Amino acid sequence: MARFLHTADWHLGMKYAKLGLNAEKAREVRIQTANAVIEYAQKHNVDFIIVAGDLFDSNDIERDLIDTVIRILQKAMPIPVYILPGNHDPLTIDSIYADPFWKTLSNTFIIDQPKPLSVPNIPVTLYPCPVTQKQTKKDLTDWIQVTGGQISIGIAHGNLQIPGFTDDPNFPIDPDRAEQSGLDYLSLGEWHSLFSLKGKDGAIRTLYPGTPEPTKSGENNCGRVVIVEIEEHGSKPILQEVEIGTLKWEERLIEISSFDEIKCVEKELKDITDPENWVLDLMLKGIIDQEAFNYLEAMENQCVKNFLYFKLNKDKLHINPDLTKLKNLIPDGVLFGKVIDAIEAFKKCHPSLQEFSNLSAEDAEIMLQELTNASLPLNPSPEALERAIMILYQIASEVAR
Amino acid sequence: MIIKKIYLENWKIFRNPFERDFAEGLNIIYGPNESGKTTLIDSIRTIFFSKHTSQSEKIKSLIPWGSSLSPGATITFSHHDELYRITKKFVSSRSLLEKFAGGSWERVAEGDRADNEIIKLIGGKLPSRGDTKPELWGLGQTLWMVQGQPIIEKEQSLNEETISSIQKLIGSVVEIDIEKKLFNQIMAQFLDIYTEKRRDFRKDSRVFIIKERINTLEKEKNELDQKKVEKENLIRDIEDKEILLQKKKPGLEAALQEKDELKSKINLAHEHRLNREKLNEEVKRISSEYKYLTNQIGEIQNNENHIKEIELNNEKLIKEKMLSEEDLEKLLEEIQTFNQKLNDITEIYEQKESEHNYAITAHTAIQEEIELKEKEEQLKKVNDLEQEKMEHKKKLESLKAPSQKDLNIIEDYYRKIYDTQTKLDALGLKIKTIAQTNISGTIHLDNKSVEFEIKKGKKKDWISHEVARISIDKVGEIEIMSGSEDVKEMKKELEEFGIEFEKLTAPYETKVIDELRDRFHQKNELENHIKRLENEIKGQTKNGKEILIGEIAELKKRIESDWSKIPENFDLIKYAENEDKIQVKEICAKKINELEKELEAYKDKEKNLKKELDELNNKKDTVQSKIRDLEKTLHGNNERKSVLQNSLENLQKDGFTLKGREEKLYDISIELDRKERALQKYTEDIEEMENQPEKAFAECENKIKRLDQDIHQLEKDLAEKNGKLNSMLVSFKDTNRIEEELFFLKEEEKRLEVEASALELLYDLIKYYRTKSVESLSNPVKKMVNEDLKRLLGIKYAVHLDEGIKPISVTSSSWGTVIPIENLSFGTEEQIWYLFRLALGRLLSHEERQLVVLDDPLANTDASRLHRALQILEDAANQLQIIVVTCDVDKYNWLSNANYITMEK
């Protein structure tokens, strides 16, 4: 009987460009999750651990990460850990696994040969396919031929070539490999969402556990590791998915048109109890006035502080200013009014903003003509125009107090 | 506001209280330079706008020089029909504002409050620091001209007060305070980001800083990416090298094997070479023997031939030599004959020559004799002259004559005596006697007694000086005495003179003056004569008589010697003593000529002979040298012959006959031929037997060497590169954080740029609308200024105002161009500002009269323009209070209704 933990795609040290200054935090989380995986393995007494590739995000990461990882892996002792180099951390000359530090771990095996490997003390033979190049169109699993009666477990990193589903021809893996080669289970890595393939006998023998922490939005089925139990060679593997990740990556799109609706959005966001683990792209769509916009900006600032990452995408959000209210901030302000009208006139020049301008086309024409005659080289972008209105609103509100 | 009165105390030059009243309209303050006109006017500003506690330099300069008095002033003015007066004292500071109400002055405020209240009344601002300046004078900034500064500089804008006064006046759009605040905030935000002129992001703006950081980070990232690329290249390089190494190693093995195989072949090649070389040597040796022998035979034959040649030649030469020797003998004989002839000629010549010499000597002697005669005559003459001279000298000595000087003195005394005598006589009594009968007697005159006798009817005169006594016979005596002292003196004088005269004339033994004169003349004559004689003598002798005598002696000697040189038998000697020297001389001369002619003839002959002789000599020389040459050649030939004979002996030393040699030669050639053929065979095989194997072996060795080197190098490189790679990997920094920061910053940058763009838009719009509103203010001002300008200059110029409502340029109606105001003449510019002030003043005086101050305006304006300008001034004074300061009041004299204020007491 063999019971092991199958994980992959830890991508430690990965870049999180989008997260800007919070990226380091996210990287930290990945390391903590790696720790959690090992702890889980320890707690649940697995026989061994398989990391099926891409433990590191690249061979170019800073080497002091090795130190951290080794410490984490040490905690797995005495459980052996089998690490397969993947396409992000291949066994090239500059491979991170070439560092002599790895030799200090007695329970960690960096697999470097596509040769059968026995696991000590249990009747398991591993059939690993280490990645030694950054790219290949060769199926690295095609040497596998099971001989003997041991529980045979393949380890590979690549893309199952499922017609109509897969579009990446690099590191191809035959979807029927498990059956063809006689493996009991093929532990894969590379795909970040959990994915399993049922064989002809109805058993799942080919599986991607997915990345334990999301690396970008769209990875819907990640954040897990898988515990696999196989009774003996030929038995059906029993799989158990374990939730282990902490980060959430989401994109949301909400339509709003009134202040109340904004308040609803606010509540939704407040309902998230652990915003520090959330990466949220919120796109708002609609037309609102300056007050609402101002309120949104304040809300945005708050969220940015609370969330691990919060982006309010306003591309589809437009200001249709309530001119009366705006001008009433400075009721006797003739020039103030003129400036506002000028901005509204400019809006008419942009197809994206035309409909939100409160000036008639003729009035706009007159104003623009006057400004052109005065040879003012004004050519404001739509964003600048909307921002200008907001600046006027904000400063006028302040001054009027 | 209208100024009523200004009172100054301890204020600059006004040490005593000084007060002046002002009229509502035009005031002309006049006075000489340094009378305090400008001080008076400047006090208005100081009093209104300086803090009474101010201790600035300007305030300190109000203190009268050399004192520590506190300057103080009071200005009485009306504002909106209320009468006020403000008193301020500086140094020991005070400030008091009073209002006239209910018939008396009431205190309104004191101290700082007074300072502030007055500002509230008339406008303007107090300075926060330092001196007051034009911008703080409210309307006064424009309306009150500072002395010497008719122009308001471009950099100085009209202050807000002025602008808003105009705004209010025109009822134009006024920015309300809130708006102002709003706009100013926006503009401040704009200026926080942008530099105003060039619209660059300010270096301290967030967007600039972010841009810089982005640049830095991108540079860093590039560097790191570069490193990554380097690393990749390095890895690729290492991989390539390993592949190469793997390829080369088997190559080396193969080459080593090949080398072994080739070894045996090499040995064979060596043998072949050795044999070939040995054979080559032998061929060489035999070949040289052959050559030697051939040479030998040849040489022997050569020598024999040469010897024969030489012998033939010698025969010829000997024959030639004999012929030449015969010729030589003949020539020598001829030469001898000629030499003899030449000697004869020479003898005759010499003889004739000595005759010639004698002739010349004789001629010379005759000449000398002639000279001698002359000289002897000369000498005689000289002697005669000397004799004469001696006689004259004797005469002169015996002559006792006075010198000129002495004569003069004598004459002097003579005259003196005469004069004195005359005077005395004059003084003296003149006794005139006319005898009526015959009288006789004695007359005693002074000390003389003279007997006299006078016949009847005859006269007689006597002079007496002192005493006269006449004793007339039979009559009696008459005595006349003179007592004159003068007479006595004169007599004394006369006596003295007489004594002196005696003395002087004593040496000459005569007293007669005429004789003295005579003698003097004689002396002179004699002296002159003597001089003449001396000159003549000199003329005769030139160097003196002695010389002459010497010359004569000399000549005599020479003549003697000359004649002695001539031999007795010479025919001319007979003339030696002949008297007619001239004739003799001629004969001599003739003889000389004859002889000279003969000499020439002989000379010619000699020359010809010599020529012919030379020719002969030349011929002789030629022949002689020919003979010598022949001898030399013969000698040479003989030498050569003997050398050749010697060498021949040497060659034939070995005793061989010619035949013997030839046989030997034949044998040698056979052997040579054989050996050469053998060598040929070897040579043909070189390529195959020697070169190729050697080449192959060498190549193989090279190959091994190269491969060895390559492998060695590759291994070295690999070690090095691996080492480099390792150190790179250890120090590798990934770009994650940089890229993350960049991503974040770029988003921020975008946001800030939009913000900046929005602010720029707002800034430009605000500026534009503000300017427009200001522009509408300037029209009425412009209109008024242009009307007055027309009055002043005709339609020449129309003025334009800038957005600060200041004159900036004019349009010239004649040229139709716009001219900046600073390009106009200073006078015209001055006038425009003058009109501007008056126009603005008038416009702003609609509610209350404003004050316009003009300190020496129009200093650069000519008379005709000035007149018109002052007319405008007069008209303006109907609406304004104007104070004009001038030092030339005559310019303004014709103005009616003006209040003339003199600075004098």
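Start at the junction of the two chains: 46 residues of chain B are in contact with 48 residues of chain A (contact means heavy atoms within 4.5 Å). The model is predicted, so read it with these limits: local features need pLDDT of at least 70, side-chain atom pairs count only at pLDDT 80 or more, and totals for chains, interfaces and linings use all residues. Residues are numbered from 1 along each chain as its sequence is written, chains are lettered from A and ligands numbered from 1 in the order in which they are written, and side-chain values use heavy atoms, with hydrogens and water left out.

**The interface**

Show the surface between the chains. About 4,200 Å² is buried between chain B and chain A, and carbon and sulfur atoms give 68% of that (buried area is the accessible area, 1.4 Å probe, that two parts lose on being put together, summed over both).

Next, turn on the charged side chains. Between chain B and chain A the count is 10 salt bridges (a side-chain nitrogen of Lys or Arg within 4 Å of a carboxyl oxygen of Asp or Glu). Select A:Asp60 and B:Lys228: this pair forms a salt bridge, with the closest N and O atoms 3.5 Å apart.

Now colour chain B by helix (helices are DSSP runs of H or I, at least four residues; strands are runs of E, at least two; both are numbered from the N terminus). Four helices of chain B each supply at least two residues of the side that touches chain A: helix 6 (177-193), helix 7 (206-398), helix 13 (658-730) and helix 14 (736-793). Helix 14 gives the largest share, 22 residues.

**Along helix 7 of chain B**

Select helix 7 of chain B. This helix has 193 residues, yet its end C-alpha atoms are only 145 Å apart, short of the 288 Å that a straight helix would reach at 1.5 Å a residue (expected span is 1.5 Å times one less than the number of residues). Centre on B:Lys263, where there is a kink of about 35° (the angle between axes fitted to the seven residues ending there and the seven starting there).

Move to B:Arg273. Its salt bridge partner is B:Glu694, with the closest N and O atoms 2.5 Å apart. B:Arg273 lies in helix 7 and B:Glu694 in helix 13 of chain B, so the pair ties together parts that are 421 residues apart in sequence.

**Two backbone stops in chain A**

Go to A:Pro78, in the loop between helix 2 (64-74) and strand 3 (81-83) of chain A. The peptide bond from A:Met77 to A:Pro78 is cis, with omega near 5°. Finish at A:Asp9, in the loop between strand 1 (2-7) and helix 1 (23-43) of chain A. Phi of A:Asp9 is positive, near 55°.
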